[in-house]
Amino acid sequence: MATPILVITDGTIRINLLTKNGSGINCCEYTPARPTFKGDGVWSDSSLSNGRQLQMAKLGNIIDIFTLVISSSEQDEIIEDARNLTSLLEKAVKYWITEWQNEPVWIERRGSNETETSYSIIHGYKWENDDNPFSPPFYTPSKPMSMNGIDLAIEH
C-alpha cells in the first residue's frame with residue numbers, strides 16, 4: 001500500500017493537500033469530475049424527423065472541487081498557508097495569460113492502492129470565500145484553530 005498523494009506544485013514549491021498531523025492544508029472532501037462536451041456539442045435538429053443528432057463534440061477541461069480545511073496552532077500559519085496556495089494558483093493562471101510566466105503548475109494525485117501517479121496541468125481556479133476568521137473556532141484561544149469548508153474549484 002502506497003502513501004496517497006494530493007499535491008499542487010510547480011516542481012519547486014509543493015503544497016500538500018493531505019496533511020497528517022492536523023496542521024496545514026487538508027482536503028477533507030474531493031469531488032473529481034469527468035470531461036464534458038464544450039457548449040454541450042453541436043446538434044442537428046430536423047423538423048421532419050424525431051430526435052436530434054450530434055454533429056460535433058470536443059471535450060472541455062475538467063473542474064474538480066476540493067473542500068479544504070486549513071488548520072494550525074497559530075493564526076499566522078493559517079494565513080500563510082492560504083496565501084502560499086493562492087500564490088501557486090495565481091502562478092498557474094499566469095502561465096496561460098502572460099508571456100513571461102513560463103512554468104506551469106500541476107496537480108499530482110495517487111490513491112493509496114494505485115501504482116501510478118497522475119498529473120494534470122492547472123488552467124484556472126475559483127476560490128470564492130474563506131471561512132469567517134472572526135467566529136469560533138478561529139478567534140478563540142483554543143488550539144488548533146482552523147478555517148473550515150473552503151471550496152476550491154480547479155480547472156485542469
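1. E90 has a relative accessibility of 29% and therefore counts as partly exposed. The structure discussed in this note is a predicted model. The side chain of E90 meets that of K94 in a salt bridge, with an N to O distance of 3.5 Å. Both residues belong to helix 1, where four residues, about one turn of the helix, separate them. K94 is likewise classed as partly exposed, at 28% relative accessibility.

2. As to overall architecture, the protein contains one helix and ten strands. Their order along the sequence is β-β-β-β-β-β-α-β-β-β-β. Of its 156 residues, 30% count as buried. The accessible surface comes to about 10100 Å², and carbon and sulfur atoms account for 50% of that area. Among contacts between residues at least 6 apart in sequence, 64% join residues at least 24 apart.

3. The salt bridges deserve separate comment. Five are found in a search of the whole structure. One of them joins the side chains of D10 and K91, at 2.6 Å from N to O. D10 is placed in the loop between strand 1 and strand 2 (14-16) and K91 in helix 1, so this pair ties together parts that are 81 residues apart in sequence. D10 is buried, with a relative accessible area of 8%, and K91 also counts as buried, at 16% relative accessibility. Side chains of opposite charge can pair when their charged atoms come close.

4. K91 has a further polar partner. Its side chain makes a polar contact with the side chain of E103, at 2.6 Å. D10, K91 and E103 are thus to be read as a linked network of salt bridges. Leaving out residues up to four places away in sequence, K91 touches D10, Q101, E103 and V105.

5. Another salt bridge is formed by the side chains of K126 and E128, at 3.2 Å from N to O. K126 is partly exposed, with a relative accessible area of 49%, whereas E128 is exposed, at 63%.

6. Turning to the interior, the largest nonpolar core has 24 residues, and those with the most contacts inside it are I8, L17, F66, L68 and L85. Strand 1 (5-9), strand 3, strand 6 (63-72), helix 1 (75-97) and strand 10 (145-155) are the elements that give two or more residues to this core. Helix 1 gives the most, with six residues. In soluble globular proteins, nonpolar side chains tend to be buried together.

7. Two core residues illustrate the packing. I8 lies in strand 1 and counts as buried, at 1% relative accessibility. Beyond its neighbours within four places in sequence, I8 is in contact with residues including L17, L85, L88, L89, W106, I122 and I154. The C-alpha atoms of I8 and W106 are separated by 5.8 Å, although the two residues are 98 residues apart along the chain. F66, with residues up to four places away again set aside, touches partners including L6, L17, C27, I107, I150 and I154.

8. A nonpolar patch on the surface is formed by F37, W43, L54 and L59, which together have about 360 Å² of accessible area. Within this patch, F37 is found in the loop between strand 3 (24-31) and strand 4 (42-44). At 37% relative accessibility, F37 counts as partly exposed.

9. A final point concerns S73, located in the loop between strand 6 and helix 1. S73 is partly exposed, with 34% relative accessibility. Its C-alpha atom is separated by 5.7 Å from that of M145, which is 72 residues apart from S73 along the chain.

Definitions and conventions. Residues numbered from 1 in each chain as written. Predicted model: local features only at pLDDT ≥ 70, side-chain atom pairs only at ≥ 80, totals over all residues. Heavy atoms only, no water. Patch = residues over 30% accessible without salt bridge, like charges linked within 9 Å, V, L, I, M, F, W, Y side chains within 5 Å. Areas by Shrake-Rupley, 256 points an atom, 1.4 Å probe, with all protein chains shown as cover. Salt bridge = Lys/Arg side-chain N within 4 Å of Asp/Glu carboxyl O. Buried < 20%, exposed > 50% of the residue type's maximum accessible area, 1.4 Å probe, protein only. Core = buried A, V, L, I, M, F, W, Y, C linked by side-chain atoms within 4.5 Å. Contact = heavy atoms within 4.5 Å. Polar contact = N/O pair within 3.5 Å; in protein donor to acceptor, adjacent residues only side chain to side chain.
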